[in-house]
Amino acid sequence: MAAAAAGNGTPREEEGPSGEAAAPPPQAPTSVPGARLSRLPLARVKALVKADPDVTLAGQEAIFILARAAELFVETIAKDAYCCAQQGKRKTLQRRDLDNAIEAVDEFAFLEERARMLEREGQREGERENPKNPVLSAQRGVQHELSRNQELDS
């Protein structure tokens, strides 16, 4: 049924075959000035790319594509980890949820060895100190990975 005028003069929503309101037609994305296409800071992504000694030049389009791919990767693994958390009747993601998602999804198989290595390193660090702040722990892990990668590259 087409949008008909209601008694108050305002058009009604279109109704579907079952009498429910039909979903509005999809609209093309609008170009808003200043809207960001990437949620990750491109300057930070570019700095990470430049940190690789094998990369000499990287165009802005390549940086954008890498940033977008990283966003999609994080979104995918987070959704899968959240499903693991829901199976445990929780809403808060924990490290074990990420580990379970990595083990359950074939596309994440490349992360399995890295996850085991980080877990072993975390256990060794836990023997020396027990950090209460997960942000500091993550920062230490990133710093360790960077220094380890630099040692391997040397």
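This is a short walk through how three helices pack in the structure above, ending at a patch on the surface. Keep in mind as you look that the model is predicted.

A good place to begin is helix 2, which spans residues 60-87. Helix 1, made of residues 42-50, packs against helix 2 with the two axes 9 Å apart and an angle of about 100° between them. Angles of 65 to 115 degrees count as roughly perpendicular, and helix 1 is therefore roughly perpendicular to helix 2. If you zoom in on this contact, you will find Leu42, Val45, Lys46 and Val49 on the helix 1 side, meeting Gln60, Ile63, Phe64, Leu66 and Ala67 of helix 2. By character, these contact residues split into seven nonpolar, one polar and one charged.

Now follow helix 2 to its contact with helix 3, which covers residues 95-104. Here the axes come within 8 Å and cross at roughly 110°, so helix 2 and helix 3 are also roughly perpendicular to each other. From helix 2, the residues taking part are Ile77, Asp80, Ala81, Cys84 and Ala85, and they meet Asp97, Leu98, Asn100, Ala101 and Ile102 of helix 3. This contact comprises seven nonpolar residues, one polar and two charged.

Finally, turn to the surface. Val74, which sits in helix 2, joins Phe73 and Phe110 in a nonpolar patch there. Together, Phe73, Val74 and Phe110 have about 310 Å² of accessible area. Helix 2 thus links the stops on this tour: helix 2 meets helix 1, meets helix 3 and holds Val74.

Note on methods: Residues numbered from 1 in each chain as written. Predicted model: local features only at pLDDT ≥ 70, side-chain atom pairs only at ≥ 80, totals over all residues. Heavy atoms only, no water. Patch = residues over 30% accessible without salt bridge, like charges linked within 9 Å, V, L, I, M, F, W, Y side chains within 5 Å. Areas by Shrake-Rupley, 256 points an atom, 1.4 Å probe, with all protein chains shown as cover. Salt bridge = Lys/Arg side-chain N within 4 Å of Asp/Glu carboxyl O. Helix = DSSP H or I, 4+ residues; strand = E, 2+ residues; numbered from the N terminus. Axes fitted to C-alpha atoms, helices over the stretch in contact; angles between N-to-C directions. Parallel < 35°, antiparallel > 145°, perpendicular 65-115°, else oblique. Contact = heavy atoms within 4.5 Å. Nonpolar A, V, L, I, M, F, W, Y, C, P; charged D, E, K, R; others polar.
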